[in-house]
Amino acid sequence: MTAKLFIPVILGTNREGRQTENVARYVVAALNKRQDATTQLIDVRTFVLLDSDYGIRLKDRHAEYRNNIVRADGLVLVVPEYNHGYPGSLKSVLDILLEEYHHKAVGMVGVSNGPWGGTRVIESLLPVVRTLGLVAIKLDLHFPFVQDVFTAKGVLKDKKTYAVRTAQFLDELVWMAITLRRGRKKAQNIKSIYVSQN
Ligand SMILES: Cc1cc2nc3c(=O)[nH]c(=O)nc-3n(C[C@H](O)[C@H](O)[C@H](O)COP(=O)(O)O)c2cc1C
């Protein structure tokens with residue numbers, strides 16, 4: 001049997017009172033129910049980041065994050081929309097690494113309190129994930145009006161609608177993650193200028 005995929009979920013904001021946490025926990029639970037994948041929540045709030053030191057020198061300070069990304073077959077980014085863009089805290093965490101992301105799948109989940117469900121933040125993230133060497137899937141998952149989607153205890157109200165959308169999103173991500181895992185093994189003799197890991 002093929003080893004389960006490892007697909008961590010990055011909770012992409014450290015804002016006090018963030019609604020995005022409910023969404024990230026819901027996606028983690030959905031991944032945990034699957035037979036083909038395991039996951040782990042990576043919360044940008046847990047990172048102590050220096051504001052003057054990006055890139056290669058930070059790897060050693062964030063060994064656990066690095067190990068998780070090296071081990072990962074794919075990633076889910078759960079991201080709120082802030083002024084049509086992504087939170088700086090997410091970008092700072094993503095910028096810690098580079099080649100560890102190469103040739104791995106990424107799916108994006110947009111969160112907003114308005115009707116667009118983070119559509120614009122996902123569009124603004126696309127060039128970033130591409131430059132990191134991640135391969136974005138075509139399907140996104142959206143949580144518009146997020147303040148109405150969960151109970152005060154963080155339980156999803158409309159389970160049926162979101163279960164279908166989430167399953168489609170994760171199926172697509174798993175498809176891409178399996179394909180790229182095979183590709184990383186089978187294409188080892190092709191000299192890509194981009195180093196891939198795992
Ligand atoms: C600084 C800031 C900027 C925001 N900009 C937008 C925006 O451009 N579009 C939008 O739909 N919602 C915007 N929102 C509202 C968020 O969608 C809302 O806070 C939602 O709950 C998701 O973010 P949260 O996880 O921080 O709660 C903004 C919120 C903040 C704090």
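Start with helix H5, residues 159–186: at 1.5 Å a residue (times one less than the number of residues), its 28 residues should span 40 Å, and its end C-alpha atoms sit 39 Å apart, which agrees. Helices here are DSSP runs of H or I with at least four residues, strands are runs of E with at least two, and both are numbered from the N terminus.

Before going on, a word on the model. It's a predicted one, where local features need pLDDT of at least 70, side-chain atom pairs count only at pLDDT 80 or more, and totals for chains, interfaces and linings use all residues. Residues are numbered from 1 along each chain as its sequence is written.

Back to H5: which of its residues are buried? They are Thr166, Phe169, Leu170, Leu173, Val174, Met176, Ala177, Leu180 and Arg181. Buried means that 20 or more other C-beta atoms, placed from the backbone, lie within 10 Å of the residue's own. An α-helix has 3.6 residues a turn, so residues three or four places apart point the same way.

Now zoom out. The protein chain has 5 helices and 8 strands, running β-β-α-β-β-α-β-α-β-α-β-β-α from the N terminus on. Of its 198 residues, 38% are buried. Its C-alpha trace spans about 50 × 45 × 25 Å along the principal axes.

Finally, the ligand. It is surrounded by 17 residues (C-beta atom, placed from the backbone, within 6 Å), and the closest are Arg18, Gln19, Thr20, Pro80 and Ser112. That shell divides into 5 nonpolar, 9 polar and 3 charged residues, with Ala, Val, Leu, Ile, Met, Phe, Trp, Tyr, Cys and Pro counted as nonpolar, Asp, Glu, Lys and Arg as charged, and the others, Gly among them, as polar.

Key. Buried ≥ 20, exposed ≤ 12 C-beta atoms within 10 Å, placed from the backbone.
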